[in-house]
Every structure is written in C-alpha cells, then in structure tokens.
Amino acid sequence: MQINRKVIIHAYKFNGWLYRTWEFPTIIKETDEYICVVTENTKVITAADDLKHFYHSKINRPSVWYFFKHEWYNMIVSEKNNKYYCYINVASPFIMEHGIIKYIDFDLDFRIPNAKGDIINEVDLDEYSENKVKYQYPQKLIEKIKIVEADIVKSFKNREFDQYIDRELIDYYNRHMKTKRNNDE
C-alpha cells in the first residue's frame, strides 16, 4: 500500500449487499498486521434496506481506522477533547481490490467509551439476532462470531487494544493535515 493514498471502503452484509461506502479516506500506516486509514472529511453513503434510498453523511473529525489483516474485526479510534474512544466492528478480515478496502460486517459491535478505561459495551445485539436469521448465517459462522466476541473481551481485559490508541499517529496526522490545509488556502 502507498501511504497517503486515498481509498474507498465498502462494508457488505453477509448476503453481498453493499450497505455502506466511505469515500476517500487516506492510508496513513501499514504494518504486517494492519492497514490504518484516517477518515476526516470522509463522505459516507449508507443504503437503506429497501435499496431505494441512500443517506449521505460526513465524518468531520479525524478517526483512525485499523483494518486487521488476520482478525475478524476492525477498530476505529477517535479523539475528542483529549479523550480517546474506540469502536470495534465484528467483521471479516478485509480484502483490498482495485483500491477498495472490502469487508463483511457481522452486525455486532463494541464501544469503549474511554479507550484506556475499564468499560467495554457490546452493542447491536438485536441487529445481529435479526440478521443471522435474515441472511442465514451458517452455524460455523455463528460459532466463529462467538469466538471473536470472547477474544475481543479478553483482549480488552488484557489491555491489548491500548497499543492502537496511538496519540503520536493521531497527532502526526493532525499536524500533517493542518499543514496541508494551510498550504491549500
């Protein structure tokens, strides 16, 4: 991957429905473990369930999004008022095709309201319960998701996610973008 390259992100449901697109976040780091993008000023397009309506929104503050190459989740870290927040999506490992990061969203998410705190909240349990029936998740997938849930909670308790609360990376990005904005004016 090329650092500072713009990409597109596609989130699919299990049946292949492209339900959300993020337009042109920027790759800011890549390791053997993950690709990291930042989503400030990123346009988001969400397709309604009936596929007849699309909703547009925009991410205005920088969020650092980690796409893990071998894990069944991805993680968004954002900062507001010097506090870091995490959001973990239970999802397939991503693939990269033609400049598009693609993954399947399995509906379950975790919120960590204080990224280095002691509380983790699992959310969207109703959505997961509905969609595993609606999209006919195979039993092997349901079992995999249960394992991933337990792994996320264990990793949180062992403070393994703390390494991704990368103040230097976010500060670097903020300085880089501020310089870029000033040069563009």
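Which residue in E7 does tryptophan 65 stand opposite? Look across from tryptophan 65 and you'll find isoleucine 76. Keep in mind as you look around that this is a predicted model.

**The whole protein**

Let's zoom out for a moment. The protein has 11 strands and three helices. Walk along the chain from the N terminus and you meet the elements in the order β-β-β-β-β-β-β-β-β-β-β-α-α-α. There are 185 residues, and 45% of them are buried. Of the contacts with a separation of 6 or more, 49% link residues that sit 24 or more positions apart. On the outside, the protein exposes about 10500 Å², with carbon and sulfur atoms supplying 49% of that area.

**Strand E6 and its partners**

Now back to tryptophan 65, which belongs to strand E6 (63-68). This strand is mostly covered, with six of its six residues buried. Here "buried" means a relative accessible area under 20%.

Which way do the side chains of E6 point? Ser63, Trp65 and Phe67 point one way, while Val64, Tyr66 and Phe68 point the other way. That fits a general pattern: in a regular strand, side chains alternate between the two faces of the sheet. In E6, the residues pointing either way are all buried.

E6 pairs with E3 and with E7, and here is how those pairings look:

| Pair | Bridges | Direction | Example of residues across from each other |
|---|---|---|---|
| E3 and E6 | five bridges | antiparallel | isoleucine 35 and phenylalanine 67 |
| E6 and E7 | five bridges | antiparallel | tryptophan 65 and isoleucine 76 |

What joins E6 to E7 along the chain? A hairpin does the job, passing through four residues.

**The largest pocket**

E6 and E7 also turn up in another part of the story: each supplies at least two residues to the lining of the largest pocket. Strands E2, E4, E5, E8 and E10 do so as well. Which strand gives the most? That's E10, with six residues.

The pocket has a volume of about 600 Å³, and 28 residues line it. Nearest its centre lie Trp22, Ile59, Ile76, Tyr87 and Asn89. You've met one of these already: Ile76 is the residue opposite tryptophan 65.

What kinds of residues make up the lining? Sorted by class, there are 12 nonpolar, nine charged and seven polar residues.

**Putting it together**

So far, then, E6 is a strand with six of its six residues buried, joined by five bridges to E3 and by five bridges to E7. Its neighbour E7 holds Ile76, one of the residues nearest the centre of the largest pocket.

Technical notes:
Residues numbered from 1 in each chain as written. Predicted model: local features only at pLDDT ≥ 70, side-chain atom pairs only at ≥ 80, totals over all residues. Heavy atoms only, no water. 1 Å grid on protein atoms, 1.4 Å probe; cavity = no way out; pocket = protein on both sides within 12 Å on 5 of 7 lines; lining within 4 Å. Points joined across faces, edges and corners; volume = space filled by probe spheres on them. Nonpolar A, V, L, I, M, F, W, Y, C, P; charged D, E, K, R; others polar. Buried < 20%, exposed > 50% of the residue type's maximum accessible area, 1.4 Å probe, protein only. Pairing = 2+ DSSP bridges. Contact = heavy atoms within 4.5 Å. Areas by Shrake-Rupley, 256 points an atom, 1.4 Å probe, with all protein chains shown as cover.
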